[in-house]
Amino acid sequence: MTLRSFYRSAGSGNPTRLAFIPVYIGYERIIENASYQREMRGGKKRKETPWALLRVVGQLRQPFGKVAVNVGEPLLLGPYLDAGTPGWRDDISQAKPAWLSQAVPRIGDELSRRINAAAALNPVNLVALVLLATPHHAIEASLMSRQLALLAALQRHCPGGEHTSLPQGEPEQWIDHVVALGMIERRPHPLGDILTATAEQASLLVWYRNNVLHLFALAGLAAFAFRHAPRHDLDTLLARLAPPWPILARELFLEPSALSQALPKMLDALCAEGLLERRGSGWQRAEALEAGEQLHLLGRLMQPSLERGYLLLAILLDQAPGKLGREALAERSQQLAERLALLSGRDAPEFFDRKLFASLIESLETEGWIWEEDGLLWYDERLRRAAQQTGELFDPALRHRLQLVSHG
């Protein structure tokens, strides 16, 4: 509606100057906890009523922490259209010009990237990033503190955007704050405190993690590549990360073409934090056990996304081209992801959300890996080669487990 109004004003002889202002709002605790969890489990959104408003008033006495509001880089619509849609001014008389249907999603993606670039890191979403990367949502408080410091340091080395922000204070203070908000629990132990999250808490933490996951996508992907291969040179690493990167970039609204420029800087940042070591023309895992533990945790940030992609490709490549439609592929992928989640203890609805697989199929289509003819999906040898390159990121045990699940 905004673009159409702007388009009409351009033909009026007195064009409107218009800018979209991307704004990131970061919460430490949302008031809609219960409704969010219900909807994640498949429940329908309840209608708002005066009685519901009265119930909310009673909840306002609970601690909800702080709210951060970051303003990103404005998008000036006229210059943006001039650069990306040449000729949009040519025929102002059309009610619905042809370029409009392409410009709307492109502007939406650009605004999403600019909102992401203004993300606010806070104690809750940082703790969520770390805790949800553990197999059983439990971690030593000392390791949590080190991992929080690592995430903050990586963000300082390689900021996710010009307007991103970090919380004040130190990791120990962040942990205490999240415990005080009731988002996680601290269990005292003679050998060191343990931080845990119940199933309900972990389900809620997913929302906070997902709001800032894009800031650590490249760090997590690079760390995952060193999971079972102790050493990589830049060319080999780029070859293995190049196929999954544009898919992850579309999922998280990142810049798909930034991998070759951003990866060396990220590898150097991991070296600066002691997780990798520079050896000759390549990088290798640090030998210290603590560094290996932190690198493994960092790599688990992107493991669910990579596993979803691996499952979907395994199902598709197991059939000849032109045998599966997108609905059948998405349904089968969802079923196997749900099975994997139950077997691995990762019973989180967001891992096997069917919408994610539908989006993944669209991304593969956009990147040219697959195409649709007569309602069926087709592919060629390029997809098989790309899948093989991506599969080499997985260690043999994990790859074997995914293959077993994908074959039922």
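**Exercise 1. Over the ring of which residue does the charged end of Arg-278 sit, and how far is it from the ring centre?**

Solution. Keep in mind that we're working with a predicted model here.
- Go to the charged end of Arg-278 and you'll find the ring of Trp-283, with the charge sitting over it.
- The distance to the centre of the Trp-283 ring comes out at 4.2 Å.
- There's another case to look at: Arg-29 puts its charged end over the ring of Phe-64, 4.9 Å from the centre.

**Exercise 2. Classify the pairing of Phe-394 with Phe-224, then with Tyr-310, and work out what each pair ties together.**

Solution.
- Start with the general recipe: an aromatic pair is described by how far apart the ring centres are and by the angle of the planes.
- A search through the whole structure turns up 6 aromatic pairs.
- For Phe-224 and Phe-394, the centres are 5.4 Å apart and the planes stand at 80°, so we call this pair edge-to-face; the cut-off for that label is over 60 degrees.
- Now place the residues: Phe-224 belongs to helix H10 (residues 217–225), while Phe-394 is in the loop between helix H18 (381–391) and helix H19 (396–406), so the pair ties together parts 170 residues apart in sequence.
- Check burial next. Phe-224 has a relative accessible area of 1% and is buried; Phe-394, at 0%, is buried too.
- On to Tyr-310 and Phe-394: with centres 5.0 Å apart and planes at 65°, this pair is edge-to-face as well.
- Tyr-310 lies in helix H15 (residues 303–317) and Phe-394 in the H18–H19 loop, so here the parts tied together are 84 residues apart in sequence.
- Tyr-310 has 13% relative accessibility, which counts as buried, since the limit is under 20%.

**Exercise 3. Describe how H10 packs against helix H13.**

Solution.
- Helix H13 covers residues 259–272, and its axis comes within 10 Å of the H10 axis, crossing at roughly 70°.
- The two helices are therefore roughly perpendicular to each other.
- List the contacts: from H10 come Leu-218, Ala-219 and Ala-222, which meet Leu-259, Ala-262, Leu-263, Met-266, Leu-267 and Leu-270 of H13.
- Sort these residues by type and you get 9 nonpolar, no polar and no charged.

**Exercise 4. Which residues form one aromatic cluster with Trp-88?**

Solution.
- Look around Trp-88: Phe-6, Tyr-7 and Trp-99 join it in one aromatic cluster.

Methods: Residues are numbered from 1 along each chain as its sequence is written. This is a predicted model: local features need pLDDT of at least 70, side-chain atom pairs count only at pLDDT 80 or more; totals for chains, interfaces and linings use all residues. Side-chain values use heavy atoms; hydrogens and water are left out. Rings of Phe, Tyr and Trp (its six-membered ring) pair if their centres lie within 6.5 Å; planes under 30 degrees apart count as stacked, over 60 as edge-to-face and the rest as tilted. Helices (H or I, at least four residues) and strands (E, at least two) are DSSP runs, numbered from the N terminus. Buried means under 20% relative accessible area, exposed over 50%, partly exposed in between (1.4 Å probe, protein chains only). A charge sits over a ring if NZ of Lys or CZ of Arg is within 6 Å of the ring centre and within 35 degrees of the ring normal. Axes are lines fitted to C-alpha atoms, for helices over the stretch in contact, and angles run from 0 to 180 degrees between N-to-C directions. Angles under 35 degrees count as roughly parallel, over 145 as roughly antiparallel, 65 to 115 as roughly perpendicular and the rest as oblique. Contact means heavy atoms within 4.5 Å. Ala, Val, Leu, Ile, Met, Phe, Trp, Tyr, Cys and Pro count as nonpolar, Asp, Glu, Lys and Arg as charged, and the others, Gly among them, as polar.
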